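Q: I am new to this structure and would like a close look at one part of it. Could you pick a helix and walk me through its surroundings?

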Amino acid sequence: MRKASGNGILGVSTIDAGPGRDPVGSTAPGALEWVDASEDPPEGMTEPRIIPRAEHPISRGYIDPDALKVLYRLHRSGFKAYLVGGSVRDLLTGRTPKDFDIGTDARPQDVRRLFRNCRVIGRRFRLAHVLFDGGKLVEVSTFRRRPEPEEAEPGQGGDVDLLIRSDNTFGTPAEDAVRRDFTINGLFYDISNFAVIDYVGGVEDLERHLVRTIGEPEIRFREDPVRMMRACEFAARLGFEMTPAVRAAIDENRREIRKSAAPRVTEELLDPLRRGWGAATYRLWSETGLLGEIFPDLDREVGGKAGANGLFWRMLAETDRRRAGGEVLSDASLLGVVFLPLLFSAIRTRSGGKVDAQKLLLLLEEVVNPSSVRLSLPNAAIHDLKQGLFTMGRLAELGPGDAAARRLVTKGYFPVAVGLLSLYAAASGRYRDAAFAWEEVLRRGGRTPRPGEDIRAAIPFPEALVPHETHDPNEVFLPDDVRATSRPAHRRRRRRSSGGGHPGEAA
């Protein structure tokens, strides 16, 4: 992660730009325009604050080369072309952006004409995706303004439904900045002169470590309730504080999240887990009551003081630690962490603390299916999730040298089960030997290469199976107060042979 030092975000920087990169200036920014952190800034500035290249740490050398190609082609074709949103925020704070999104006054079809490798997507929000080798895409959006109010739809108690259902009203850069969600996401980087443009006071909020909406929080959250989840995620990820007005608006409007499309909510649930700040984000969602609205079954198990230091939070912290180290877990494994507390609760309450294989499969159906339908989870992820949760218990009982293990390692959900067992073992301190043995099987089989490792030389399955001497096959996988019933050993069926034939010869 890059770090810029100096007098605030835009102060004197010690970054070495290197050959071919923009030099970093040393002039500190001017005085802040308002002081009281609890006071909401004006919704939009009549004149933007222009921060020249000498006063900020962003260099073209830190921008993805393909994004630069798009920016320059748009600029040379006579259009405005800005780096927008989270990428500018991250570059200003010394972080590496996940994506480099571009804003322009070119319409989506104009962008498509300029780039043969472009497709236009979306209905509610039309976007151009410029595709590059390796599956990389650069997202290009046309500057928009807030749509004109439509026919007011009265809600409960006479409230007006402000939910935005169409957002394809094009506008100017200033109008585009004002319609964005948070001030720290309303910053632009102009490729024509390398300046940062701030219409909404985002630079000041970055320096104060504040998450603040652009405009009235209650209105912005009712326009798009998913913004409440994003406010918590930004605060957790960046170590910022939400302003009192934002916290109060979330408390007042958290039930509005039920109006959001299920796939968008699910994507927000998974995003912090994929990116390594899941524990802090889920805690904020629980504290603000959002988790109780989105996933009430989970919040009942892990929310409040009773679950503050429970297994779920330790598994989330372990997931974040591994993500920070470069490990990538599948969505099914991440969902397994979320559903595991519900499964343990069902085993304790519905099965009297005892469960066999058949009953466990039925419990998985009862626990996973209702929530997966509500959250619109993909069928493939649901299958791998349920099979992974079921199989992780078997892996704790089986050793890699057991005959039954050879059938498991060929299944598509086998890495999910190993990942869940590994996270459980690290968080609980139990089954560490079994987890280590199965992790070694995955590594030797080339399914989870280490950074820089050549997996072409890996041992193929099932030859990668190796016995692990310290594994105790009698150890039972379940929480301390839950025990599994023993399964009867299956007898090997003998083939019948004809009277005069050799043993094993078919009749």
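A: Here is a tour of helix α16, followed by a salt bridge elsewhere in the chain. Please keep in mind that this is a predicted model.

Let's start with the length of the helix. Helix α16 covers residues 379–397, and at 1.5 Å a residue its 19 residues should span 27 Å; the C-alpha atoms at its ends are 28 Å apart, which agrees.

Next, what is hidden from the surface? Buried residues in α16 include I382, L385, L389, F390, M392 and L395. G388, T391 and G393 are buried too. As for their neighbours, the buried residues of α16 pack against α14 (331–350), α15 (357–374), α17 (405–408), α18 (414–428) and α19 (432–444).

One of these neighbours, α15, also meets α16 through charge: the side chains of E365 and K386 form a salt bridge, with N and O 3.1 Å apart. Because E365 sits in α15 and K386 in α16, the pair ties together parts that are 21 residues apart in sequence. Its two ends are set differently: K386 is buried, with a relative accessible area of 13%, while E365 is partly exposed at 36%.

For a wider view, the whole structure holds 28 salt bridges. Another of them joins D66 and K136, whose closest N and O atoms are 2.6 Å apart. This pair links distant parts of the chain, 70 residues apart: D66 belongs to helix α1 (residues 65–76), and K136 to the loop between β5 (127–131) and β6 (137–142). Here D66 is buried, with a relative accessible area of 11%, and K136 is partly exposed at 31%.

Definitions and conventions: Residues are numbered from 1 along each chain as its sequence is written. This is a predicted model: local features need pLDDT of at least 70, side-chain atom pairs count only at pLDDT 80 or more; totals for chains, interfaces and linings use all residues. Side-chain values use heavy atoms; hydrogens and water are left out. Helices (H or I, at least four residues) and strands (E, at least two) are DSSP runs, numbered from the N terminus. The expected span of a helix is 1.5 Å times one less than its number of residues. Buried means under 20% relative accessible area, exposed over 50%, partly exposed in between (1.4 Å probe, protein chains only). Contact means heavy atoms within 4.5 Å. A salt bridge is a side-chain nitrogen of Lys or Arg within 4 Å of a carboxyl oxygen of Asp or Glu.
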